[in-house]
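Student: I have a model open in front of me and would like to learn how to read the places where its parts meet. Can we go through it together?

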There are 6 protein chains.
Amino acid sequence: MSETFPYLKSAGKAQFVDRHVRKAGELLQQRESASVTLLGAPLSKSSISHSGALLAPTTIRTMLHSYSTYSIEEEIELDDIQIADLGDICMHPTDIIGSQSRIYETVSAVTEKYPDSLFVLLGGDHSVSYPSIKGFSTKKGAVGVIQFDAHHDLRNLEDGGPTNGTPFRSLVESGVMKGEHLVQIGIRDFSNSKPYSDFAKEHGVKVYTMKEVASMSISSIVKESVACLKNKVDAIYISVDMDVLDQAFAPGCPAIGPGGMDSATLLEAIMLLGKEEMVQGMDIVEIDPTLDFRDMTSRVAAHVILTFLKGKKKAQLL
Amino acid sequence: MSETFPYLKSAGKAQFVDRHVRKAGELLQQRESASVTLLGAPLSKSSISHSGALLAPTTIRTMLHSYSTYSIEEEIELDDIQIADLGDICMHPTDIIGSQSRIYETVSAVTEKYPDSLFVLLGGDHSVSYPSIKGFSTKKGAVGVIQFDAHHDLRNLEDGGPTNGTPFRSLVESGVMKGEHLVQIGIRDFSNSKPYSDFAKEHGVKVYTMKEVASMSISSIVKESVACLKNKVDAIYISVDMDVLDQAFAPGCPAIGPGGMDSATLLEAIMLLGKEEMVQGMDIVEIDPTLDFRDMTSRVAAHVILTFLKGKKKAQLL
Amino acid sequence: MSETFPYLKSAGKAQFVDRHVRKAGELLQQRESASVTLLGAPLSKSSISHSGALLAPTTIRTMLHSYSTYSIEEEIELDDIQIADLGDICMHPTDIIGSQSRIYETVSAVTEKYPDSLFVLLGGDHSVSYPSIKGFSTKKGAVGVIQFDAHHDLRNLEDGGPTNGTPFRSLVESGVMKGEHLVQIGIRDFSNSKPYSDFAKEHGVKVYTMKEVASMSISSIVKESVACLKNKVDAIYISVDMDVLDQAFAPGCPAIGPGGMDSATLLEAIMLLGKEEMVQGMDIVEIDPTLDFRDMTSRVAAHVILTFLKGKKKAQLL
Amino acid sequence: MSETFPYLKSAGKAQFVDRHVRKAGELLQQRESASVTLLGAPLSKSSISHSGALLAPTTIRTMLHSYSTYSIEEEIELDDIQIADLGDICMHPTDIIGSQSRIYETVSAVTEKYPDSLFVLLGGDHSVSYPSIKGFSTKKGAVGVIQFDAHHDLRNLEDGGPTNGTPFRSLVESGVMKGEHLVQIGIRDFSNSKPYSDFAKEHGVKVYTMKEVASMSISSIVKESVACLKNKVDAIYISVDMDVLDQAFAPGCPAIGPGGMDSATLLEAIMLLGKEEMVQGMDIVEIDPTLDFRDMTSRVAAHVILTFLKGKKKAQLL
Amino acid sequence: MSETFPYLKSAGKAQFVDRHVRKAGELLQQRESASVTLLGAPLSKSSISHSGALLAPTTIRTMLHSYSTYSIEEEIELDDIQIADLGDICMHPTDIIGSQSRIYETVSAVTEKYPDSLFVLLGGDHSVSYPSIKGFSTKKGAVGVIQFDAHHDLRNLEDGGPTNGTPFRSLVESGVMKGEHLVQIGIRDFSNSKPYSDFAKEHGVKVYTMKEVASMSISSIVKESVACLKNKVDAIYISVDMDVLDQAFAPGCPAIGPGGMDSATLLEAIMLLGKEEMVQGMDIVEIDPTLDFRDMTSRVAAHVILTFLKGKKKAQLL
Amino acid sequence: MSETFPYLKSAGKAQFVDRHVRKAGELLQQRESASVTLLGAPLSKSSISHSGALLAPTTIRTMLHSYSTYSIEEEIELDDIQIADLGDICMHPTDIIGSQSRIYETVSAVTEKYPDSLFVLLGGDHSVSYPSIKGFSTKKGAVGVIQFDAHHDLRNLEDGGPTNGTPFRSLVESGVMKGEHLVQIGIRDFSNSKPYSDFAKEHGVKVYTMKEVASMSISSIVKESVACLKNKVDAIYISVDMDVLDQAFAPGCPAIGPGGMDSATLLEAIMLLGKEEMVQGMDIVEIDPTLDFRDMTSRVAAHVILTFLKGKKKAQLL
Ligand SMILES: [Ca+2]
Ligand SMILES: [Ca+2]
Ligand SMILES: [Ca+2]
Ligand SMILES: [Ca+2]
Ligand SMILES: [Ca+2]
Ligand SMILES: [Ca+2]
Ligand SMILES: [Ca+2]
Ligand SMILES: [Ca+2]
Ligand SMILES: [Ca+2]
Ligand SMILES: [Ca+2]
Ligand SMILES: [Ca+2]
Ligand SMILES: [Ca+2]
């Protein structure tokens with residue numbers, strides 16, 4: 001607004017403003033130093049099936065503008081957290097492996113430049129986790145991963161190269177991380193094949209199926225998971241494949257199905273993990289906004305980010 | 001049907017009729033005296049964001065035709081309840097404040113003409129609750145309000161006038177009701193700002209967040225809420241903002257998000273409230289049928305009405 | 001509205017009213033005597049493929065409320081035309097042949113009771129035209145039919161009984177009308193099989209393909225069609241299968257395709273036919289509102305009705 | 001693929017193949033002898049309201065291709081189960097009763113030819129259960145039925161013939177089964193009329209409403225149900241009307257509503273029933289893929305089939 | 001991009017860039033001096049029926065990014081045109097008349113600050129044209145208006161105030177412009193009422209119905225229109241209500257119908273008008289992106305803007 | 001069907017069959033020798049923007065089942081044409097260039113094995129035309145191409161490799177064909193950049209813009225195009241990018257816009273080209289079924305194939 005044109009706002013910004021409300025989306029700024037860094041990896045040509053997950057970074061950011069910075073449940077205000085929105089990694093139109101290398105190089109550089117910041121990556125499909133965790137590891141040392149997913153993502157690499165079905169296989173086979181440094185929560189019936197469940201077992205991956213999520217409390221699972229990694233690794237990275245949720249709660253994932261987690265359970269897990277100092281990185285993947293209903297799945301993603309920060313703040317880690 | 005044309009029914013009414021089934025929608029009639037009065041307030045130009053909630057009164061009524069009058073769970077038949085469908089309040093195309101006055105005047109006249117009837121208002125956005133509760137209060141005396149909502153709706157009135165974000169602020173500031181006569185159930189993280197949570201505290205508003213809904217039983221919350229109001233007010237009015245439900249259960253509200261109530265919990269609360277003699281009014285707001293999926297949210301609304309009546313009948317109040 | 005409740009209108013009727021605008025939908029009234037009778041035949045279980053055409057009578061009537069009664073092009077006001085909306089014929093849930101008999105009996109009774117009125121039937125799928133034309137013929141004598149359609153609808157009856165692919169075969173085979181009293185306009189490539197085109201030829205059906213519609217003017221085709229029937233029959237009935245239109249103009253028909261008529265051409269034909277005194281009946285069929293986009297196809301149907309009346313009025317036949 | 005064209009696969013089959021993954025859909029083959037037989041009954045013209053349930057057999061089969069054959073929760077691999085996909089029963093376009101007879105005759109012949117196989121029927125609307133259970137009974141002797149449904153489906157047959165509202169009335173009235181051999185689980189408020197609940201009572205039908213599902217454990221209900229039938233019948237048939245699920249979990253049923261079961265509960269019940277030797281037949285009905293969101297409801301159906309087989313295998317019955 | 005992060009682009013900007021392609025959207029910049037000024041008036045609460053036209057300014061701008069700056073037909077490159085995107089006018093949530101005043105004040109100030117620039121306003125509904133043309137007139141002197149519309153928009157102001165049905169009535173009645181300075185092109189049958197057609201006649205409004213558009217060439221109509229205004233006014237303003245197009249070509253307008261213009265005809269008219277020096281202002285209104293299919297209607301709007309500039313450039317006026 | 005199960009058809013095939021109707025889809029068979037070969041290239045990861053064109057081969061084949069084999073306009077029956085449906089080329093999940101090589105190798109082998117057959121390729125995005133035409137050329141000698149497209153597709157290869165924006169640049173630069181052997185019909189304003197129009201000019205590409213399509217007859221354009229190529233090449237290949245059509249007629253292309261061709265014009269062009277003996281190959285590209293409305297664009301594609309064969313048959317070339 002200017003004196004000449006008191007009612008004009010820049011294009012697309014002419015929404016109603018309530019002076020007392022701070023939108024969560026406003027936390028994301030292009031800034032130099034920050035306690036949290038966030039960037040998008042808009043890659044989904046690497047998916048086995050047709051996927052529009054490349055569009056999720058934009059949608060999740062937009063959804064952050066639908067929510068505020070205040071947790072009434074914990075009476076925690078996030079508005080003093082500085083998040084550097086580093087933008088999105090530009091992908092190559094016809095070179096998928098090249099695009100994955102760009103993710104690795106960028107995450108590696110980010111972790112180098114912001115060694116003390118929390119790291120958040122918005123996918124993209126799950127293939128982005130291999131280069132992201134590899135890049136994250138360059139500075140962090142041994143990294144443990146807690147993966148929320150209906151699927152192992154431990155497929156062989158011969159049949160189709162580094163797809164969204166292979167990131168943890170790539171990490172284990174390339175030696176970036178050990179199988180026993182991987183915890184998988186939410187693995188589901190009829191969504192995986194026996195040979196890959198066997199691979200998980202053989203490599204010491206800790207697996208919690210939905211049956212266990214239903215019978216144990218999520219807080220016990222989180223506690224066990226962190227305990228299992230704590231003394232073995234230097235940092236923990238959470239990889240949130242949104243299809244860990246039941247299709248009723250995350251209708252916008254490519255590989256939906258019944259019998260999954262509800263969103264309250266996932267958010268509880270995320271807050272508990274946020275409270276752990278070792279948990280320093282996170283990615284959120286497998287949201288295809290073209291398939292979603294009213295961006296419900298990206299709305300959950302926005303809450304995952306905010307709830308993670310709430311956990312950090314509650315534990316005075318931020 | 002006539003003798004000449006035995007198969008003709010009036011336009012749009014040629015559906016199959018089962019002689020043993022009574023549709024809930026048939027309870028609504030244009031009649032003079034009734035134990036329940038119902039009317040629509042098709043106003044949503046008052047919403048902060050674009051909203052088609054003006055269309056909800058029609059959709060909710062239509063949905064009542066998809067359900068029957070019989071509760072098998074309680075073995076209660078509602079078919080002898082007389083509901084006067086007073087119709088919809090005509091809104092002014094370009095005068096929003098004027099439209100809200102029409103709501104006030106109409107509700108006031110309804111409460112005057114039908115002093116002993118239960119009152120049900122179908123919004124519209126939440127802005128309708130200010131004139132509705134104000135009108136309801138003219139005859140009823142001190143009114144306590146139990147609000148189901150993800151949001152406080154206690155925004156300041158300076159920034160945008162009486163919108164769907166301000167009804168309870170208006171009520172408190174105009175002296176129609178006291179802050180301590182307001183109970184809010186289902187208030188959610190990242191959906192409100194601290195200044196308005198502070199306002200609630202300062203004015204003695206009783207707030208149950210979703211964390212409390214998850215940890216306490218809904219029956220305890222309802223019991224506490226009624227107990228807290230019972231001796232202070234002359235009548236209780238329930239204001240049901242459908243966005244109190246999780247987005248999976250009420251996909252058709254403008255401000256959807258994860259982490260909300262499920263519909264069974266809301267319906268249990270409504271039945272318990274129905275059983276209270278002091279609860280004499282209700283509004284259902286913030287359903288935008290243009291955003292909904294298969295009118296799911298209006299279907300819940302239809303069940304809210306029927307469950308309220310079931311509660312009344314179970315307590316022999318109807 | 002009443003004195004007590006000056007702003008209340010009956011449920012669903014609280015729209016803005018401009019005192020100078022007459023909606024076309026208001027012409028339809030339940031009345032005893034009328035110059036036009038209209039009724040719905042909500043039958044589409046008779047369709048070869050899954051069809052929601054049963055819903056079209058309601059949608060077309062609703063669309064008539066989106067348009068006015070005034071033709072500025074011809075400076076003709078339709079507001080003094082009396083249309084008796086006789087309602088819809090009630091269909092049997094599991095007896096399709098029985099439902100078709102109900103159509104026959106009803107149309108027969110309507111033509112008897114209103115011998116001097118124009119007759120309009122809203123389908124339903126095209127199977128309704130057989131009982132409708134049969135009923136129409138009981139009083140009218142020899143009836144000629146001008147059918148707008150991409151398809152012959154002359155399929156054999158052995159393979160599936162009286163479906164939406166057979167009405168004109170039924171009429172010819174049952175002797176209700178002769179093949180040479182049938183004119184088909186808009187028949188399209190790759191939408192019919194040779195045996196049925198041969199049947200048309202053998203029975204003297206006059207066929208104008210889309211190639212002829214494209215190369216001749218529509219007014220010549222209409223003129224020829226009427227001339228061809230005029231001396232042979234006592235009355236002419238127009239059967240408008242909306243799939244005569246290109247899929248761009250009528251996206252809501254079950255059997256859409258490219259290469260069809262545009263809506264201006266169809267409307268011109270209808271006005272020219274309206275000007276003919278012998279044209280006394282019409283049906284509009286094959287609109288499936290569940291497949292349509294924004295009720296576009298029902299909007300064209302509403303214009304077909306109004307344009308027909310405009311033609312009548314222009315020729316001072318109404 | 002051939003030597004000349006190493007990259008060609010037959011039309012529509014050129015998807016990525018992971019050598020270690022077996023799709024559940026591959027279990028379905030056209031084969032002569034099998035431990036499970038499956039067929040489709042694509043009939044929904046018999047529905048009271050407009051229904052596209054005829055399309056469900058195709059959609060459910062397609063969804064089976066989205067899931068694998070392995071249950072990680074029970075460490076059970078289904079890939080050695082032989083399912084004979086007998087195809088779909090061809091329906092008559094205009095003779096609904098005739099179509100139902102075709103179902104009866106086919107199921108009867110299937111039970112005769114495959115007396116020792118488990119039987120799975122994919123509807124279609126619920127009207128298919130009458131001819132299916134009648135056919136199933138011809139060889140099996142006295143059949144008990146456990147029906148998952150929001151509705152009794154005990155409507156009178158006079159008003160509309162054998163629709164999707166009448167299958168169990170038909171079975172009881174025709175003497176195919178006794179009322180006390182019928183268990184109904186999930187019956188819901190405002191979804192049934194009193195006269196039909198009375199009919200259920202009078203005929204000894206065992207009814208578990210949603211209130212009981214919510215208050216008892218599903219395993220107790222299943223245990224009681226089986227116990228109640230075990231000594232009275234020769235075989236048990238499960239009839240799964242998907243609308244037993246809450247609208248959030250099964251958005252694609254014609255008669256959706258709030259307050260229903262969640263999918264995890266239904267799947268648990270199905271596994272427990274699968275473990276019972278007497279349970280030898282199943283149908284899945286009332287899924288309308290044209291109304292569904294991302295085939296969610298058919299995805300649940302695919303899991304119902306797989307979970308049933310998992311139960312069988314766990315109990316070493318397969 | 002930076003040296004540290006060579007692949008990062010700012011959020012949402014990581015699309016592929018072809019070095020030889022200039023997107024039309026890039027012409028819009030926030031700049032001080034410019035030959036064209038453009039701004040949005042996101043107002044549609046003033047609409048008679050529910051309308052999301054407030055969202056169109058954003059959508060139209062986005063669509064300009066889908067097209068280039070080059071006209072191959074005329075071999076004209078627009079990339080040296082400077083467009084100042086002044087942003088959007090902030091609307092008041094509950095004061096519609098106040099919002100319209102803001103439009104008037106802003107347009108008035110824009111015309112004052114940029115007296116020599118072409119002016120483009122993106123609505124919003126058609127109500128914005130009254131304040132816009134009034135503001136445009138403050139500096140320009142007598143303004144003639146060429147309106148493309150299916151409707152007169154000459155409704156009375158008593159029944160509902162200044163809605164999208166009244167802008168030209170307001171202009172004429174308030175004396176901002178004379179009736180004879182208004183040309184209406186594309187007025188359609190059954191879309192207007194006789195009293196308003198009479199009003200047009202009485203006030204000397206020049207009206208071309210669709211019948212005339214179909215029978216005359218659009219270039220003659222444009223020529224006549226300009227000739228009719230040229231000597232009477234100081235500047236000409238084009239008001240493009242997108243519903244002048246047939247529903248097949250502009251499916252995203254609130255008031256769609258058959259029998260309208262095709263987009264090629266509209267674009268030809270716009271280019272011819274662009275070539276006229278007197279034509280100095282334009283608005284584009286009545287696009288509701290929530291109703292549209294794939295933003296087709298906003299895509300036409302983008303072409304209207306570019307084609308207008310092409311005309312200007314062809315006539316060397318820019 | 002068998003004797004035991006007279007009503008069973010194999011899964012998904014239980015549709016109604018009319019003994020006198022031959023579906024166009026039935027022409028496609030897996031056979032050894034044929035006068036026409038058809039195959040799918042389900043590749044769209046090569047697209048600049050997100051594209052689901054990989055799904056088009058399946059959709060187009062399905063649409064062929066919605067149409068018959070008979071042209072009533074020309075009284076030509078196609079049912080004796082033998083089309084070998086060779087299936088689809090299997091694409092690599094993460095190696096786009098490798099996938100394009102598979103297209104080249106397959107088309108090359110097909111042209112070798114079926115030297116006298118007409119060749120039809122179903123894309124995929126437009127990137128498939130480079131390997132397809134290159135493969136087609138290996139046996140055919142000098143190939144001329146007539147491209148229907150809104151876009152030149154002559155982008156540079158440096159910025160993003162071989163995308164859907166570059167096929168004709170690749171062909172010209174790699175020497176597979178000369179620029180003067182390329183004719184482009186339907187090129188549109190604001191859909192191309194000047195440098196690429198200049199490239200077309202410099203390399204002798206013959207360009208017909210939409211302005212020329214509108215002012216010349218399509219038959220003259222086709223005649224000129226063929227004449228221009230006839231003496232210079234050994235065979236002609238038609239490349240049909242469906243976005244040559246106006247968005248109203250082909251709503252399912254990724255790059256839609258106004259001002260394009262209508263489908264009747266395209267089909268006329270195709271028939272005329274079919275009649276030319278030199279025209280021996282064709283591809284149809286850029287249909288994204290996930291964006292389409294009711295598969296309209298794939299329906300046009302089905303008609304393009306059938307109309308091409310109609311032309312061949314009319315000229316007695318088949
Ligand atoms: Ca994953
Ligand atoms: Ca997953
Ligand atoms: Ca609220
Ligand atoms: Ca709320
Ligand atoms: Ca027909
Ligand atoms: Ca037809
Ligand atoms: Ca049922
Ligand atoms: Ca049911
Ligand atoms: Ca207008
Ligand atoms: Ca208009
Ligand atoms: Ca192209
Ligand atoms: Ca193109």
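Student: How much area do chain A and chain D bury between them?
Tutor: This is a predicted model, and in it chain A and chain D bury about 2900 Å² between them. Carbon and sulfur atoms account for 59% of that area. On the residue side, chain A brings 38 residues to the contact and chain D brings 30.

Student: How many salt bridges are there across the interface of chain A and chain D?
Tutor: Look for a side-chain nitrogen of Lys or Arg within 4 Å of a carboxyl oxygen of Asp or Glu. By that rule, five salt bridges cross from chain A to chain D. Try finding A:Lys201 and D:Glu75, whose side chains form a salt bridge at 2.9 Å, N to O. Polar contacts are counted separately, and here 21 residue pairs make one, both partners at pLDDT 80 or more.

Student: Which element gives the most to the side of chain A that touches chain D?
Tutor: That's H5(A), with five residues. Helix H5 (194–202), strand E10 (206–209) and helix H6 (210–215) of chain A are the elements that each give two or more residues there. Sorted by class, this side of chain A has 16 nonpolar, 12 polar and 10 charged residues.

Student: And what about chain A with chain E?
Tutor: Ask the same things again. Here 31 residues of chain A touch 31 residues of chain E, and the buried area is about 2400 Å², with 72% from carbon and sulfur atoms. On chain A's side, A:Phe5, A:Tyr7 and A:Leu8 lose the most area, together 28% of what that side buries.

Student: How many salt bridges does the rule find across the interface of chain A and chain E?
Tutor: Zero! There are still six residue pairs in polar contact, both at pLDDT 80 or more. Among the elements giving two or more residues to this side of chain A are strand E1 (8–9) and helix H1 (56–64), while H2(A) gives the most, with six residues. The classes on this side come to 15 nonpolar, eight polar and eight charged.

Student: Now inside chain A: at what angle do helix H7 and helix H8 pack?
Tutor: Picture a line along each helix. For H7 (residues 218–230) and H8 (residues 263–274) of chain A, the angle is about 35 degrees and the axes are 9 Å apart. Their crossing is right-handed. Residues making the contact include A:Val222 and A:Val226 of H7(A) and A:Leu272 and A:Leu273 of H8(A). By class, the contact residues are six nonpolar, two polar and one charged.

Definitions and conventions: Residues are numbered from 1 along each chain as its sequence is written. Chains are lettered from A and ligands numbered from 1 in the order in which they are written. This is a predicted model: local features need pLDDT of at least 70, side-chain atom pairs count only at pLDDT 80 or more; totals for chains, interfaces and linings use all residues. Side-chain values use heavy atoms; hydrogens and water are left out. Contact means heavy atoms within 4.5 Å. Buried area is the accessible area (1.4 Å probe) that two parts lose on being put together, summed over both. A polar contact is a pair of N or O atoms within 3.5 Å; within protein, one must be able to donate a hydrogen and the other to accept it, and residues adjacent in sequence count only if both atoms are side-chain atoms. Helices (H or I, at least four residues) and strands (E, at least two) are DSSP runs, numbered from the N terminus. Ala, Val, Leu, Ile, Met, Phe, Trp, Tyr, Cys and Pro count as nonpolar, Asp, Glu, Lys and Arg as charged, and the others, Gly among them, as polar. Axes are lines fitted to C-alpha atoms, for helices over the stretch in contact, and angles run from 0 to 180 degrees between N-to-C directions. A crossing is left-handed if the near helix is turned anticlockwise from the far one by less than a right angle, and right-handed if clockwise.
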